[in-house]
Amino acid sequence: MKTYKAFQVIEKEAKQFERKVVEMEKPKIESGQVLIKVHFSSINYKDFLSSIGNKGVTRNYPHVPGIDASGVVEESQSADFPPGTEVIVTGFDLGMNTDGGFGEYILTPQEWVVKKPDGLSLEEAMIYGTAGFTAAQCIEAILGNTDHEQLMSKEVVVTGASGGVGSLAVMILSHLGYSVHALSRKEGDFLKQCGAQAVASPSDWQAGLDEKKPLLQEQWSAGVDTVGGSILSDVLRTSGYRSTIACCGMVADIKLTSSVFPFILRGVKLYGIDSAMCPINLKKQIWDRLATNWKPQKLHDLKKVIGLDELEASLMLMKEGKSQGRIVLRHNI
Ligand SMILES: NC(=O)c1ccc[n+]([C@@H]2O[C@H](COP(=O)([O-])OP(=O)(O)OC[C@H]3O[C@@H](n4cnc5c(N)ncnc54)[C@H](OP(=O)(O)O)[C@@H]3O)[C@@H](O)[C@H]2O)c1
């Protein structure tokens, strides 16, 4: 097959973007590269940003988004990844300024590629995708920086909890035996089914907090924050002594306002998480963990599987914060 299908974003005129499924020419492989037949991709918030023309994510269009891909190496200029190898690619420049997993093929440098661990299927790798990888990095930061007894003494808070990163953080933390308090704007049983002990609306929770005090009653032993802004500020004010808060997202706001008191009086640690440029050896370790003892039994409950023609509608759910769990894109294989 010389051509393949891809979901492409086109800039029709300045700041006017069109999205459609197109036929593309299969690219020619060069030294150090691998050509991967993509079986699955998934939707992340960054893909939504790339799809609506956010130039902080994607500078030039036409472009194929998709920061995640799992599939099989078809052609290879790398001794490490011969044809037939099942692989995962997440982050680096994939789907940003390099055509990504929303196409049936991707061409990437070998340095971006991870061999799929045995304990995961190609589909499961994309139920996790960058969202799960990020949740795992947050949890690793928490476990590596927080005393176990202390972690068990209070709840771990997760914000934006029904989204991709949030729901996977809830599921993995509860699978590992921690008591999770989910903050979510959505109603329903979804987060309880993911393993949350408690679910609360962030606005109800924030309404009960004294606006003026820089420190409030200690509620959390740790936290995964995917939203930023005032919710993260309030998480910091209510964090327990020597707790670790992993900060990875900004759906609510890119700004953060805080006094220094959570840090200098309670020893709270605010830990920044980046998945895209995470060094490849660390990536491999985290994927191994996700394939073994961190893999929740209910992982498949999070997925909704769609085809290329359903991508547009699913991406736009993110605009309104309406997405829930993980949307997996299955290519025609
Ligand atoms: N640092 C990294 O490497 C990295 C990697 C992956 C993702 N991220 C970031 O993490 C964030 C979440 O990504 P995702 O893929 O999980 O997105 P997502 O699936 O769209 O989930 C985001 C969730 O946040 C909540 N939310 C949405 N808009 C909100 C608002 N205005 N105020 C408060 N809450 C809001 C919603 O959950 P509820 O309805 O349950 O509140 C929504 O489902 C994004 O900012 C993304 O860029 C960062």
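Domain bounds in this predicted model come from an automatic or database domain assignment. On that basis, the shell around the ligand draws at least three residues from each of domain 1 (3–116 + 298–330) and domain 2 (132–272).

The ligand is surrounded by 26 residues, of which Ser162, Val165, Ser184, Ile273 and Ser275 are the closest. By residue class, the shell comprises 10 nonpolar, 13 polar and three charged residues. The space taken by the ligand is the largest pocket. Two or more residues of the shell around the ligand are given by each of the elements α2 (122–145) and α4 (164–175).

Backbone atoms of three residues lie within 3.5 Å of ligand N or O atoms. For Ser275, one of the closest residues, a backbone N or O atom is placed 2.7 Å from an oxygen atom of the ligand. A backbone N or O atom of Met250 lies 2.9 Å from a ligand oxygen atom, and for Cys248 a backbone N or O atom lies 3.0 Å from a ligand nitrogen atom. The ligand taken alone exposes 910 Å², and the protein buries 87% of that area.

Two backbone features were also identified in loops. The peptide bond from Tyr61 to Pro62 is cis, with omega near 5°; Pro62 is placed in the loop between α1 (45–51) and β4 (68–76). Phe92, a residue other than glycine, has a positive phi near 50°, and is found in the loop that joins β5 (86–90) and β6 (105–109).

Methods:
Residues numbered from 1 in each chain as written. Predicted model: local features only at pLDDT ≥ 70, side-chain atom pairs only at ≥ 80, totals over all residues. Heavy atoms only, no water. Near = heavy atom within 4 Å. Polar contact = N/O pair within 3.5 Å; in protein donor to acceptor, adjacent residues only side chain to side chain. Areas by Shrake-Rupley, 256 points an atom, 1.4 Å probe, with all protein chains shown as cover. 1 Å grid on protein atoms, 1.4 Å probe; cavity = no way out; pocket = protein on both sides within 12 Å on 5 of 7 lines; lining within 4 Å. Sits in = over half its atoms within 2 Å of the grid points. Helix = DSSP H or I, 4+ residues; strand = E, 2+ residues; numbered from the N terminus. Nonpolar A, V, L, I, M, F, W, Y, C, P; charged D, E, K, R; others polar.
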